[in-house]
Amino acid sequence: MPLGAGYHRRQAAGSPAEIDHRILPYGKTMNAKDPAARTGVEQPVPSAGQGEIWGSDAVAAMLRALDVPYLALNPGASFRGLHDSLVNYIGNERPQMLLCVHEEVAVAIAHGYAKASDRMMGAVVHSNVGLMHATMAVFNAWCDRVPLLLLGATGPWDAAKRRPWIDWLHTASDQGALIRDYTKWDNQPASVPAALEALLRGVQIANTAPRGPVYVNLDAAVQEAKIGPLPVLPDTARYAPAASPEPPRELVAKAARLLASAQAPLIMAGRCSRSLERWNQRVALAEKLKARVVTDLKQGAAFPTDHPLHAGAPGIFLGADSSQALRDADVILALDWNDLAGTLKQAYGASPVKAKVINVSCDMHLHRGWSMDHQALPPADLILLTEPDAAVPLLLAASAERKVPMPAAAKPAGWPAATQVSLLAIAEALNAATAGAEICIAKLPLGWNGAYRHFRHPLDYLGHDGGAGVGAGPGLTVGAALALQGSGRIAVGLVGDGDFLMCNTAVWTAAHYRLPALFIVCNNRSFYNDEVHQERVARERARPVENKWIGQKMIDPDIDIAAIARAQGAEGIGPVTRVADIRPAIENGLELARAGKVVVIDARVLPGYDANISGAAPAAHR
Ligand SMILES: Cc1ncc(C[n+]2csc(CCOP(=O)(O)OP(=O)(O)O)c2C)c(N)n1
Ligand SMILES: [Mg+2]
């Protein structure tokens, strides 16, 4: 089979430095000749002879040429042609399919994989119905600006070729419309050459910053047509995504002058890559400028939270110390900060923002009319229209050192040891159980206080779910586990019970493909966030607060989360109901995960938020 080598590897040789770190940085490269390199157990028997070539064979070959490593999917007749080609034409390898029980999980796994590896994988969903299941996760991926190649199928578009009933049900005249408002591009190619071009273009667009999902809808008739010999595939290196642009030198120089002459410069480290090299450059820039740094719990780790320059615990909303640091600053360097305007508003209230703002972001390329995920419009005295990864090395080189003493480090947060099973108790147990060990936190639960655990490496924490669509946690954790397999770093998802229960079948996918992971389900047996809302409304209306649990609590009967895990081939631990039992449970879970298992701990936490989701000092539950 004349299969190409793929743009990632080609670029490694030709090599714009900007994207070097996107090349399989963790785990092993799959090797077409080595079946053991395949994840899990699904190795097809060889297919005798390749006499006839079909449209979907060309699509599968193109996916390999594009170096798409995995396709998470739930099957469907609309892509039975492609399914066959993936198994029997390219041997279920590069891309390897990963079976998921729900399309939302399939897309969330691809999302989590991209978060952990800075590398795109694919997902395949059946016609309109699979796509409808997938929409929530596509929105999360869109809001999180991760690349995703979403393949779908329809038809046959030619009505004369449709089977009665079902093919008609599963054909829509504009399927892409279901997700067009939160994808970068979609296409329904009408021929094999058009499909190959659509894949090239889709992969290019998805991986060009600002990144995001693209959707290619493959007509069943195109997939199932006999096409004669495999067409010569295009040289994918010639269709590679562009490296992020370098901002004009005068603007970089101006930004550097502003920062170096500031009295109190501050860096807001937002959406950044998982590259350690870039991480080190951000640290070097902060140290050169003696700039305070704030970080955001919505994004992956972007700066060491225990660095003396780090201003205060990160939160979903701005904490008191970070807020003060923003108010104290006279020049702010925002590195693709999610919701810059809203964050400035949290610090300044109705007062004007007195600091000069340098905004490093190209996110505005993605802002459109349907979704307000662009957030409020931030003020900026200078815009560097690129990604932080492209701008920071230039700013580092252009900035003069600020020769002032290092500002005093923020006082470390402190509180008495937990005496009840709470998020704090879980944090203390996790910190003790992982001292000196490398884990990757793929998700944190609502209510986590950002002071509970430090992040010292870009893979220590991967951020939130993007679109605040509950149910992402399990898939994100499994996607991270997929990216990190073989790296020695265990993916750990701390997820709410609501988040877990909505999409818990990701556990089966992890168990089936032998992807070690640890889930700590912070189980307050409630969609508690909304109890807080009901309480607020009841207070405002002078109605009984005691009723806030109705329509919220998952009790009577309690859901046995450890049994759900065991039912899917994972290890189930718990319910853990005593503080003293949490640490042993986590230690046991990590040991099992290091031995290759998928582990789920049901930790019965008290309802109540330690951080009030605001990064404020821990409150109620000790
Ligand atoms: C898809 C979706 N459905 C509903 C909501 C509204 N919502 C926000 S948080 C939340 C509760 C989530 O429960 P859990 O994961 O157990 O966290 P807890 O609030 O209990 O800490 C809900 C239902 C949402 N954000 N997304
Ligand atoms: Mg809950």
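Gly55, Ala58, Val59, Met62 and Leu63 of helix H2 pack against Val192, Ala195, Leu196, Leu199 and Leu200 of helix H7. The model is predicted. Helix H2 covers residues 55-65 and helix H7 residues 192-206, and their axes come within 10 Å and cross at roughly 20°. Because angles under 35 degrees count as roughly parallel, H2 is roughly parallel to H7. The H2 and H7 crossing is right-handed.

A second helix pair is formed by H14 (residues 423-433) and H20 (residues 579-594), whose axes come within 9 Å and cross at roughly 45°. That angle makes H14 oblique to H20. The crossing of H14 and H20 is right-handed. On the H14 side the contacting residues are Ala425, Ile426, Ala429, Leu430, Ala432 and Ala433, and on the H20 side they are Val579, Ile582, Arg583, Ile586, Glu587 and Leu590.

**Magnesium site**

The magnesium ion (ligand 2) has three kinds of entry to consider: donors, their spacing, and their place in the chain. Its protein donors are Asp497 (OD), Asn524 (OD1) and Ser526 (O), lying 2.0 to 2.1 Å from the ion. Along the chain these donors follow the spacing D-x26-N-x1-S. Aspartate 497 belongs to helix H16 (residues 497-502), whereas asparagine 524 sits in the loop between strand E14 (517-522) and helix H18 (528-540), so the pair ties together parts that are 27 residues apart in sequence. Aspartate 497 and asparagine 524 are both buried.

Arginine 525 lies in the loop between E14 and H18. Arginine 525 is not a glycine, yet its phi is positive, at about 50°. With a relative accessible area of 32%, arginine 525 is partly exposed.

**Salt bridges**

The model contains 31 salt bridges. Three of them are set out here.

| Side chains | N to O distance |
|---|---|
| arginine 249 and glutamate 246 | 3.4 Å |
| lysine 298 and aspartate 296 | 3.3 Å |
| aspartate 460 and arginine 489 | 2.9 Å |

The salt bridge between aspartate 460 and arginine 489 links distant parts of the chain, 29 residues apart. Aspartate 460 is in the loop between strand E12 (439-443) and helix H15 (472-484), and arginine 489 is in the loop between H15 and strand E13 (490-496). Both aspartate 460 and arginine 489 are buried.

The accessibility of residues in the other two pairs can also be stated. Arginine 249, which pairs with glutamate 246, has a relative accessible area of 61% and is therefore exposed, the cut-off being over 50%. Aspartate 296, the partner of lysine 298, is at 4% relative accessibility and so counts as buried, the cut-off being under 20%.

Salt bridges also link Arg145, Arg271, Asp336, Asp363 and Asp373 in a network.

**Surroundings of valine 507**

Valine 507 is part of helix H17 (residues 506-512). Its relative accessible area is 0%, so valine 507 is buried. Leaving aside residues up to four places away in sequence, valine 507 touches Phe500, Phe519, Ala565, Gln568, Ala570, Val598 and Val600. Threonine 477 is 30 residues from valine 507 along the chain, and the C-alpha atoms of the two are separated by 9.3 Å.

**Backbone details**

The peptide bond from glycine 155 to proline 156 is cis, with omega near 15°. Proline 156 lies in the loop between strand E4 (148-154) and helix H6 (166-169). Glycine 574 and proline 575 are likewise joined by a cis peptide bond, with omega of about 10°. Proline 575 is placed in strand E15 (residues 571-576).

Aspartate 339 has a positive phi, near 65°, in a residue other than glycine. Aspartate 339 is located in the loop between strand E9 (331-335) and helix H12 (340-348). At 18% relative accessibility, aspartate 339 counts as buried, because the cut-off is under 20%.

Terms used
Residues are numbered from 1 along each chain as its sequence is written. Chains are lettered from A and ligands numbered from 1 in the order in which they are written. This is a predicted model: local features need pLDDT of at least 70, side-chain atom pairs count only at pLDDT 80 or more; totals for chains, interfaces and linings use all residues. Side-chain values use heavy atoms; hydrogens and water are left out. A salt bridge is a side-chain nitrogen of Lys or Arg within 4 Å of a carboxyl oxygen of Asp or Glu. Buried means under 20% relative accessible area, exposed over 50%, partly exposed in between (1.4 Å probe, protein chains only). Helices (H or I, at least four residues) and strands (E, at least two) are DSSP runs, numbered from the N terminus. Donors are N, O and S atoms within 2.8 Å of the metal (3.2 Å for Na, K and Ca); water is not among the atoms, so sites may look incomplete. Axes are lines fitted to C-alpha atoms, for helices over the stretch in contact, and angles run from 0 to 180 degrees between N-to-C directions. Angles under 35 degrees count as roughly parallel, over 145 as roughly antiparallel, 65 to 115 as roughly perpendicular and the rest as oblique. A crossing is left-handed if the near helix is turned anticlockwise from the far one by less than a right angle, and right-handed if clockwise. Contact means heavy atoms within 4.5 Å.
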